[in-house]
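Colleague: I am new to this structure and would love a close look at one part of it. Could you pick a strand and walk me through its surroundings?

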Amino acid sequence: MMEGRCAAEPWAEFGLLGKSGTPLVKCGTGTDVFICIGGEEVYVFTAPEKTLRAVLQMPAAVRDLAVSHDEQLLFVACWSGVYCVKVQLLVPSSSHDTGSGPTELKISTECLVAVADRVSSLLVVGSVLLTLCRTDSSWSLTLYQTQQASQSDPCDLLASFSLPLVSPSVQGDTESRCVLVCVYPGDVSPASSRLRPSLSHFPLQPLLFRLLFGAEAALSKSPVVLCGLPDGRLSFLPLRIPGSRLRILHSLEQPVVFIGASAVMEANAGCAGCLIALGKQGRAVLIGAGGAGSEGDGGARFTLGCVPGPVECACMDQSRVYYSTGSDLLTVDLWNSSSGTAGRQEGEEDEGSRSNPAALLTPVSLNVSGVTALHQPTCSSAGEVQLLSLSVRGRLQSIRLPVRTQEDGLSKRPSSQVGRSVGDILSAIGDVCERASALKTIIRSKNQILKELNQVMNISFLLSNRSEFDSKPVRCRGLVRWSSLLQRDSLNMTCVLENLSPFVLERGWTLSVTVRPLSCPLEAGGNASSVNYSFPFGGLGPGESVEVSLPVAAEGDASFPVTVTCSLLFSLWKFLGQEEAAAPLDSQRACFSLPLNTLTVDWLHALRLGDLPAPPRSSSNPADLIQGFISSRQLRCRGGGQASRPEEYSARVRVSSELLRDALGLTPGGPHVSLLEWLLSEGCGGVKAERKGIKTDGGSSVICGSAPNNAAVKLTAEEVNIEEKTEPLVTMEVQVKSSSVAAVCGLHHAVLHRIQTLLQKAGSSRTVPIADLRLALQQAEVERGQVWEASSVGVSSGQMQTLLLRVYQQLRDGPLLML
Amino acid sequence: MIQSTSLLESWTQENNQLASSCKQQDGQDAPNREHNLFRQRRWSSDFHKLLRKIQGIPPHLDRAQLELSVAYNTCVCFTAQSQFDEAELLLTQSAQRLLQIAGDDPGTSDPSVLWREALKSVTGAALRRDVLNLLCLQWGVWLAKSRLNAMQDFQEEMSLLEAQSGAVGNDCRAETKENIPNIPILVLDPRRLVDLLKICTTIVQGAERLTEGWSVLSALQAASASPAPRALIAYTHLLSGSCLAHMNRPQMALQCYRKALEADPRCVCALYQSALIYRRLENLQAEIQALRILHSILLLPSSTEPAMATGRLLSPSLFLCSQSLSSLLSVPSALSVLHSLALKCVIHGRVSEGVECYLDLLAALQSEDQHGVHAAVSTLPKLPRLYLEAGAALLMAQRPADCMALCDEVIGSTLDLLPDKVLLEDPGDGRVAGSREMTEEAENGLVRLLWTAVAYLLQGHCYSQLKDWKQAVTHYTRCINLLVKVHCKDTGFPLQTPCTDKDAEQGVDLCVLQRLKGLSLAGRGISFAQIDRLKESLRDLHLSQQAHPEGVSARRWYGEVLWRLDRKQEAAACWEQTWSHPIPSLSEALPVYAQELQSLPVLDSAKLQQKLQEPGPT
């Protein structure tokens, strides 16, 4: 469609845009262009000579500019008010200082003509100056009578109109500019109209004018001011009607960026038959006169459309809208667009566009990036359209669009033009290159994200496809150790996550560890409380591991064994960053969890060796000695008092030495010591206990220690010879002794558990003697019968307890021999 | 202690510098209003800075006078910029600090309690004078915020203030003349402030009581004798006049208004009130005269802002912002005055004058300089209605061509916007809130339709005036075709009654609609009669009588047509009914164009009687 190439020719550089003001390019007097780059300066640029002629230094950041109709006065709106500058001052007094650089003018408060806070937009209609300000609760449009005679006279306030804010909470609105334009009926006789058709003044087709603004406005031939507000409302005010007020014409529901009028295809030339308003996010509304008599009351027709946004700035010529999205400059032909929304076709197509309110206008890219302000296009006699634009980097450039006629293809250009066109093409290439490099970085980052997502997919496949018992390629090991912090001992676990898979765990992964007691004391209500820890980590290559440390239990806490469940969490939010992932994903789907292995910390892991709670004999402190003596006395006394109850509980486990030897490779010399050492240091359940060196009592097979509930325990291992079917058999007996039932039970369970896993590892070649098993079963049956009897007779709870305890003891004491 | 005195001196010096520069600059005319505003902002911020410095240390008796003087200066500047809340806050703070010197715990922030306590605690004469000055400013703030109750509580102290003011003023002036450096200078002479506040209080209170229906004549008349700016004196006369008008003494009220005008020629409100009185007295000549003068004064550029020269820093208008006063002082815009003048002239037979006024009005509305167009509330009718009224006036002034041009404009601007059909909800029921929008829309359509219809009707009148009967019939027919587009939902509803139902706008519209039907049918009937299509004429005139039974000329013409059809008995009966009804003169209750204009061919009742008698004997 757009055959030729569009040429951007840089004219001047103004430096980076300021933040406080509004970037503007406005047509000035004659060939002058006023440029504001968002700071306090207004630059006056002459287009033909391409030179900077003057710089105005305003007292505050510039918001808007307007030139009076006789082109004598320039009005500049800053935050605090409107200043007026005589255009003559900007013209160098004589021709000689054209070479001496631009005139610099400092504008002071002397030039203030209207005090108004937060002026957002300016418009000059005839001798009336209009300002649009935002107050706390409303938008107010204020009319001032300008003084033609001298610049320093203040303007008389004529009237003020206000429109309440829709939602006062929207703060971002203050920054975006409002749009003020003036439309007047096209049949106004030339004598009364000194209004020059320009960027913000449009003659409108009389019928459309009447339809939009009513008979009264049409009758008084009043200019009508249109305001596009940042809240999306399009409101209008007829200027010359007594008692008129601001009324709403339409609402775009997004900040209005541009209001223009299209003049093409109208019989009476020079009158626009269609108004267009563009919203920030690309919504457009085209307002035209409805088909004559097609509707009952013949109202104006509002056609909604949509262009790809965001719209940074826009301008339009007779039929085309040019707008910048910041990254590209686009043009939309309102009349020849394929969707034909603005066309005057009646019937089906009309119905179609009405039923589909967001008809998409198809823009054509012009390949110019970073445009933040546009000047009204000028059209040369040859049909060449020229746009003045200001880029984000503060570059003023003239963009020439190719001639629209079809037959310009092979026209030969004079050699002088060739050079220029080469320059044009070069600068166009520069622009394209800039855009390409931006796109490249985006593509690169997208690729990276895809690569990483692939890794994530692989890992989740690996982890989710294994059964329970397979060892997973990503797993955790644990290492527990007692540590003391702030005089409080606690059992800490160092959890090591190992990545044995060939894939990398990239960012976005989190290791989640849940610590949960397997059982818990009855007084806690029977519900084990779990604690959850999560450790985000970034980047774990194949073969690498990461260590995290977490508390498992505190001193005095007897709720062992504790299961430590490890799982990997993956969050897309963390992976993509908030802004990318927020829109399409809800929080549920953006995160998933892959279970890893489960670790168990049991009593043996938590056993502390050597430091008995009872004072050691070597203590030389007499007070300690006395204390020790007293406490041991008390213990004994209590023990004596309760003669029926044994002082210590114990449990035994017997394993054949042969088995141990085979499985553990223990030396025959001191198998008992080695057995204890093995029991205490074996990494059972994926957890190892870190011990500094196991001290046994001088080569004897006794290890003393304290359980986590501070009860003293004694572990003994000795060789026992027993007769098994007349066959002497050497067995190892491990005995657990403690005054705490809990400790005995827990340790017994832990020892059994270890030996069990050992047996499983050793294989099924060995058998447990059947007779022994039968004996044990019989005994168990007897005990069960006793318990059953007791419960059916209905003994008191105290008796029941003792009974149960006895049964437990007996079961433990008659140890099963493991071969 | 040494440091303290030096501080005191330097602060006093700073204050005096500021105050004297302030006084000096205030004397000069500011180049513009904005500059003045800027200057005042700077002064107030300077004084406020100084005051904050002084109040940064605990209050002490030695510094009390300086502190109070600076507070006074700051508050005057704040008040001058209408920042009454800030001023009041400062005043309260000053009173609290004063009480702290005396060792009392203020405990409260209620200003009236504070000031009483402060006055009690102060012993020294000089200090007491300063406290009174501040109290005086508090008075001003109350007045500006229309808190008359608070002022009444302080009636005693106010009188004290007034009594002291004379002596104090002299004292103060003597001191400033001597120019002793350690006496702080004040930006505004307190005595002048008291005088200003006194008369303003009387005016505001007078206005309040007047709206409440009290008589305040004596107080106002006493105040009018006091020395004060002329504008304020004029206000006192004006209020006295309003008071007398309430007491049903129009002549005396007129006297007072005259005095007000004599005191201040720019007191337009007095002129307007006089016009209202003349209207009440039905003195047409005088009313028109008054409106004329009022209009010409309103056209003067500075008429809306009466200059109050005295006391540049504090303008009396700061204190005269009570609501009842501003409603008493409000004057309609120049255009509204012109419109009522024009209407008055037309209705009371001064057609050519009225036409001139209407043309002036339309020209003013079309012109580019828009004086007074942007009044917040306009009492002017809608523009098309103005055009049509002007058209009717032109028609009455035998200028049919001009009238037709105006009507053409109205038709051109409204014809595209006419609805196909207007359906009126039954006005007898209370309107349902949900369908409000619909009703409004329909009404809008109705109004536009009426405008267009009236324009056609007037054109029909024009053509019949030009004796172009065929054209007249065409235009009357267009008018009728438009009018029959209006349908009423409730058919049982009698359309004539809304005339009495004044409060409903729609009622008036309906009444106008019926009258227009009657007039257009009558016009067409008469035109048909002129071209000897008697059957159609008879039908139209009959229908016209049904639509608008009061139409006299329709009835007479109905008789005439009957007569021509040789149904002389019926004609005589018909004429008999009209003898007692002359064609009614124009009234202001309805738009001019909806009334029987004298433009149609008139059948003189005397001639008709003659006609009756002629065939009788034969």
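Modeller: Happily; here is a walk around one strand, with some background on its chain and a short look at a helix pair afterwards.

This is a predicted model, in which local features need pLDDT of at least 70 and side-chain atom pairs count only at pLDDT 80 or more, while totals for chains, interfaces and linings use all residues. Residues are numbered from 1 along each chain as its sequence is written, and chains are lettered from A and ligands numbered from 1 in the order in which they are written.

Let us start with chain A, whose secondary structure comes to 13 helices and 46 strands. Helices (H or I, at least four residues) and strands (E, at least two) are DSSP runs, numbered from the N terminus. Of the 819 residues of chain A, 34% count as buried; that term calls for 20 or more other C-beta atoms within 10 Å of the residue's own, with C-beta atoms placed from the backbone.

Our strand is S15 of chain A, residues 179–185. Here 7 of the 7 residues are buried, so S15(A) is largely enclosed by the rest of the structure. Val179(A), Val181(A), Val183(A) and Pro185(A) point one way from the strand, Leu180(A), Cys182(A) and Tyr184(A) point the other way, and all are buried.

Now for the neighbours; two strands pair if DSSP finds at least two bridges between them. S15(A) pairs with S17(A), residues 224–228, in the antiparallel sense over 5 bridges. In that pairing, Leu180(A) has Cys227(A) of S17(A) as its bridge partner. S15(A) is also joined to S16(A), residues 201–204, by 4 bridges, and these two strands run parallel. There, Val183(A) has Phe202(A) of S16(A) as its bridge partner.

For a contrast in setting, turn to chain B, which has 26 helices and 2 strands. Buried residues make up 44% of its 618 residues. In this chain, the axes of helix H18(B), residues 383–396, and helix H19(B), residues 400–414, come within 8 Å and cross at roughly 160°. Axes are lines fitted to C-alpha atoms, for helices over the stretch in contact, and angles run from 0 to 180 degrees between N-to-C directions. H18(B) and H19(B) are therefore roughly antiparallel to each other, a label for angles over 145 degrees.

Key. Parallel < 35°, antiparallel > 145°, perpendicular 65-115°, else oblique. Buried ≥ 20, exposed ≤ 12 C-beta atoms within 10 Å, placed from the backbone.
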